[in-house]
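This report addresses two topics: the surroundings of the ligand and the burial of one helix. The sequence and the structure are shown below.

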Amino acid sequence: MTHATPPSLFSDVLITDPHQAYDQLRKIGPVHQTTTPDGVSVWLVTRYQDVRKALADPRLSLDKGNAHSTGLHQSSMPPELDAHLLNMDPPDLTRLRRLVSKAFTPRRIEELKPRIQAQTDELLDAFTDPPVDLMRALANPLPMAVICELLGVPLDARRDFRAWTNTLLAPAPDAARESRRAMREMHQFLVEIIAAKRTHPTDDLLSAMIEARDTHDSLTEPELLAMAFLILFAGYDNTVNLIGNGLLALLLHPQHAHAVRDRNTLVRDVLEETLRWNAPFMLGVRRFALKDITIGGVRIPVGGRVWVSLISANRDGTHFASPASFDPHRAPAHLGFGHGIHYCLGAPLARLQGDVAITSLFHRFGRLKLAVPVTELKWVPSFHKRGLQELTVAW
Ligand code: HEM
């Protein structure tokens, strides 16, 4: 099956207005073959049923060794940080996931609540007079504090993760050098932290992973390093944007904000709908076809690189009624945390942080409103993530 040429794929519109761009792409066809800005050929899957199936399809591998397309060498990720879950298939995936999943059960995560609440209260106490940028004052620092505490990164060792992650996920090919520099810095940072923990272990996830490595030989040294990288990288930035996008949704829908303030709507429901309506993680990790496969009637050859658009699937009108409206009361069936064997390990932690941050903010500042016109909101330039640069409010 062939389809009309999709409009401006990987052009600015996918960043400035991804919803509108993906609405068009879904209409034109289920799967679009295209080339990324750094010259890599990909098949982009846009519709809900196809995306959901692809996420759980064992014929699609996350192991880069199965790529046939050129351009892989242009990846900014250094091989030293490659040995993590999002580059793996079973059985390695199963072994490593089992190792860290104990730290992410809903019960273990719930134990973190008092600390998350205390960190949130501290940030809210520090609010200046309005206007206040909620990204800078709350959405950004809270997940950084939480993930560092979970891993056991001491306060004085913390670096500017936001600058690193924004650079890493920048779309422009000319950002490749910056991106490699950010990766080198992040790599160095992790090597130093692991060395320090080896000498002085503490009661945290990183020390537990080091023990699993050194005492039980349950993972290799590169896996240890890459796992720390993945948890920091995946755990921090997406949560920043879940909080930011959730706050924006409430600011744009005052009726739901009032319901949250009056405790008539659960923030948990607001967060689920945010994960559908404005998914922080727009594109699933690239996958490689292990054999010739057909998705949405389009043939993808063995080794072909497949991208699944979560943000697009979540707005598919054949699956969700009135997909563009924000409705926290609809049944959650979004793909914002992925689906299948790579389903987000940190989902309970992200939900808890979002809940504490948004509940506390709206209960303390009941009359929040946007301090800038909605048309002036700036999004981080990325095809991968959906996050605000600033969210300035008054009350
Ligand atoms: C709102 C916040 C978050 C979003 C939207 C999100 C989204 C996702 C998605 C979509 C995937 C699957 C990717 C794919 O299959 O292509 C994923 C995987 C993963 N996430 Fe999250 N994530 C969030 C928060 C977190 C947090 C807080 C952590 C850890 C502290 C975390 C750790 C992971 C890990 C380790 C994986 C890989 C799982 C695997 O491959 O088995 N994430 N995440």
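## Polar contacts of the ligand

An N or O atom in the side chain of His 342 lies 2.6 Å from an oxygen atom of the ligand. The model is a predicted one. For Arg 97, a polar side-chain atom is placed 2.6 Å from a ligand oxygen atom. Val 285 takes part through its backbone: one of its backbone N or O atoms is 2.8 Å from an oxygen atom of the ligand.

These three residues, together with Arg 287 and Cys 344, are the ones that come nearest among the 29 residues around the ligand.

## Composition of the ligand shell

The shell around the ligand comprises 19 nonpolar residues, eight polar residues and two charged residues.

Helix 4 (92-101), helix 12 (221-252) and helix 16 (347-364) each contribute at least two residues to this shell. The most is given by helix 12, which supplies seven residues.

## Burial of helix 2

Helix 2 spans residues 18-28, and its buried residues are Pro 18, His 19, Ala 21, Tyr 22, Leu 25 and Arg 26. Viewed down the axis of helix 2, these buried residues fall within an arc of 160 degrees, and therefore they line one face of the helix. In general, an α-helix has 3.6 residues a turn, so residues three or four places apart point the same way.

The cover over the buried residues of helix 2 includes three helices, namely helix 1 (13-16), helix 14 (267-277) and helix 15 (310-313). Strand 1 (31-35) and strand 2 (41-45) are also part of that cover.

Technical notes
Residues numbered from 1 in each chain as written. Predicted model: local features only at pLDDT ≥ 70, side-chain atom pairs only at ≥ 80, totals over all residues. Heavy atoms only, no water. Buried < 20%, exposed > 50% of the residue type's maximum accessible area, 1.4 Å probe, protein only. Helix = DSSP H or I, 4+ residues; strand = E, 2+ residues; numbered from the N terminus. Arc of directions from axis to C-beta. Contact = heavy atoms within 4.5 Å. Near = heavy atom within 4 Å. Polar contact = N/O pair within 3.5 Å; in protein donor to acceptor, adjacent residues only side chain to side chain. Nonpolar A, V, L, I, M, F, W, Y, C, P; charged D, E, K, R; others polar.
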